[in-house]
Amino acid sequence: MTNLVATYTPGSTRTDSYNDWGVAFTFTGATGTLVTSLGAWKVSGDTGNWVIRLVNAANTVVIATATISMAGATSGQFNYTSCTPGALTNGSSYKLVVNVPSGQTLNDQVAVTLNNASSAIGIYSVPAIGGGAGSSFGSNNMYAGVDLVLTPGPSPIY
């Protein structure tokens, strides 16, 4: 198993309105790799339920979704919850976002390095997840802190 996020260094924080925050990226791993868990970074004091989604950027199909309660999560790290496994395709673009409830604190523009991915762009205020990127911030960045766990897919049967 491999995490999407290779390095993540949280910086400044913000408390903002109810929005989707995260990262857009192009997957560069093996086709059929499965997403088995989704995660979000907890900033101290957060207690809400955060909904994490992985969406195909081209057709807005939801690949994986999960809800994580920040009330029981550990501050200063990614906290994960399992999801129904969804398969990724090499060369396809995805949006990994978390819907942060109003009044919760999140990490602002954070430098990030991703495994098995290229073209990481921080995104926020993503309209209905599809229909455009919303607003974005520079390459190798993300907002809020989101991650996923990648597991090799099943081997083909011959």
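A residue counts as buried when its relative accessible area is under 20%. Between that cut-off and 50%, the residue is partly exposed. By this criterion Trp41 is buried, because its relative accessible area is 12%. The structure analysed here is a predicted model.

The aromatic rings were examined next. A search of the whole structure returned 8 aromatic pairs. One of these joins Tyr8 and Trp41. The ring centres of Tyr8 and Trp41 lie 4.8 Å apart. Their planes meet at 40°, and the pair is classed as tilted. This contact links distant parts of the chain. Tyr8 belongs to strand β2 (residues 5-8), whereas Trp41 belongs to strand β5 (residues 34-41). The two residues are 33 apart in the sequence. Tyr8 has a relative accessibility of 12% and therefore also counts as buried.

Tyr8 and Trp41 are part of a wider arrangement. Ring pairs connect them with Phe78 and Tyr80 in a cluster.

A further pair is formed by Trp21 and Tyr124. Here the geometry is stacked, with 15° between the planes. The centre-to-centre distance is 5.4 Å. Trp21 sits in strand β4 (residues 19-27) and Tyr124 in strand β12 (residues 117-124), so the pair ties together parts 103 residues apart in sequence. The partners fall into separate accessibility classes. Trp21 is buried, because its relative accessible area is 1%. Tyr124, at 24% relative accessibility, is therefore partly exposed.

Conventions. Residues are numbered from 1 along each chain as its sequence is written. This is a predicted model: local features need pLDDT of at least 70, side-chain atom pairs count only at pLDDT 80 or more; totals for chains, interfaces and linings use all residues. Side-chain values use heavy atoms; hydrogens and water are left out. Rings of Phe, Tyr and Trp (its six-membered ring) pair if their centres lie within 6.5 Å; planes under 30 degrees apart count as stacked, over 60 as edge-to-face and the rest as tilted. Helices (H or I, at least four residues) and strands (E, at least two) are DSSP runs, numbered from the N terminus. Buried means under 20% relative accessible area, exposed over 50%, partly exposed in between (1.4 Å probe, protein chains only).
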